[in-house]
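Colleague: I should be grateful for a close look at one loop position in this model. Please describe its setting, and then place it within the chain as a whole.

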Amino acid sequence: MIYIPSTTTSAAENLAVEEYLLTRCTSGDFLMLWKSAPTVVIGKFQNAYGEVSVAETLRRGISLVRRNSGGGTVYHDEGNLNFTMVADRGENSPEYERFLTPVIAALRDLGIPAKMGDAFDITVDGYKVSGNAQSVVKNRVMHHGTLLFDADLTVLSEITGHASADVQSKAIQSNPSPVCNLRPYLKHDMDIAAFTDCMKTALCGENAEIRTFTDEETAEIERLRDTKYAAWEWNFAKSPAFTKHCGTFSVDVRNGIITAVHGEHPVENLTGIRMSPEDLSAVTDIETVNLLLR
């Protein structure tokens, strides 16, 4: 398996690398291990406004990025290790066991009693430690997952706010599970850097081939990052149509833009406004902005 070193904690850029590997590297098996600065990562078919409080994530300086695979919302910080594998597609897709088996074996070698859960995740003592998803393009498959090593497990619950209760949408909703970190289960304690090295060796071998990107490839990855994974149009406007209830009024939203306002509200010019803090702040007060984005 060819190892791809990650050089950034930008989730948007690492997700762009994943897509580049899936769509442009048409042969070979690849592994990338990467970490993110605090980021909420939502599934491709989810509603950003229904998963978390957008206002609270912004207040905390937490990014929100939509990935190119299905599944539910996860929270990344630098205590969480992400793994990405890209390979030829097998006959029976999706093939979660194919990709999870070596990861589980590597965790067990470190003394962690890991096993595959019913939802194609990884569990330890009944607690979820890894959520996984896949994306397929032609004859290639990309499998990625999280490994909660020493992450802050409280943040996601704190930033959900009233999002789910206030939003009516047909989007896929997350199904939260009890979670725990891997570090307390290690037979010999280590930090996340050493854990990353152990996983790299277990999955790629002692003398893994290392693949870096040319200047031209890097430019394409950065373009994909900027135009897709760091863009409001992908992360927010791709949310399925929904209605947001804000106490005495509600708004209908399609493609991230308010299409109708119902109920009592003193501002009449919300229609046609993007559901972004910058655009909303230009036409209404901060209290209303917080109601719309909580």
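Modeller: C25 is buried, with a relative accessible area of 8%, where buried means under 20% relative accessible area, exposed over 50% and partly exposed in between, with a 1.4 Å probe and protein chains only. This residue is found in the loop between α1 and β2 (30-34); helices (H or I, at least four residues) and strands (E, at least two) are DSSP runs, numbered from the N terminus. The model is predicted, so that local features need pLDDT of at least 70 and side-chain atom pairs count only at pLDDT 80 or more, while totals for chains, interfaces and linings use all residues. Residues are numbered from 1 along each chain as its sequence is written, and side-chain values use heavy atoms, with hydrogens and water left out.

Leaving aside neighbours within four places in sequence, C25 is in contact (heavy atoms within 4.5 Å) with Y20, F30, R140 and R211. The C-alpha atoms of C25 and V86 are separated by 9.0 Å, although these residues are 61 residues apart along the chain.

One of those contacts, Y20, is among the buried residues of α1. That helix is mostly covered, since twelve of its 14 residues are buried; the others in the buried set are A11, A12, E13, N14, L15, A16, V17, E18, E19, L21 and L22. Helix α1 comprises residues 11-24, and at 1.5 Å a residue its 14 residues should span 20 Å, in agreement with the 19 Å between its end C-alpha atoms. The expected span is 1.5 Å times one less than the number of residues.

A second buried loop residue is G79, with a relative accessible area of 11%. G79 lies in the loop between β5 (74-76) and β6 (80-88). Beyond its neighbours within four places in sequence, G79 is in contact with L147, L148, F149, D150, A151 and I192. The C-alpha atoms of G79 and L153 are separated by 9.8 Å, with their positions 74 residues apart along the chain.

Two further loop residues are exposed. D125, in the loop between β8 (122-124) and β9 (127-130), counts as exposed at 55% relative accessibility. Its phi is near 55°, a positive value in a residue other than glycine. K138, in the loop between β10 (132-137) and β11 (140-148), counts as exposed at 76% relative accessibility. Phi of K138 is likewise near 55°, again positive in a residue other than glycine.

As for the whole, the chain has eleven helices and 15 strands. Its radius of gyration is 20 Å, close to the 19 Å that the globule rule gives for 294 residues, so the chain is as compact as a globular protein of that length; the radius is taken over C-alpha atoms, and the rule is 2.2 Å times the number of residues to the power 0.38. The C-alpha trace spans about 65 × 45 × 35 Å along its principal axes. Of the 294 residues, 51% count as buried. Among contacts in the chain with a separation of 6 or more, 69% are accounted for by residues 24 or more positions apart. The chain exposes about 13,800 Å², of which carbon and sulfur atoms supply 48%, by the Shrake-Rupley method with a 1.4 Å probe.
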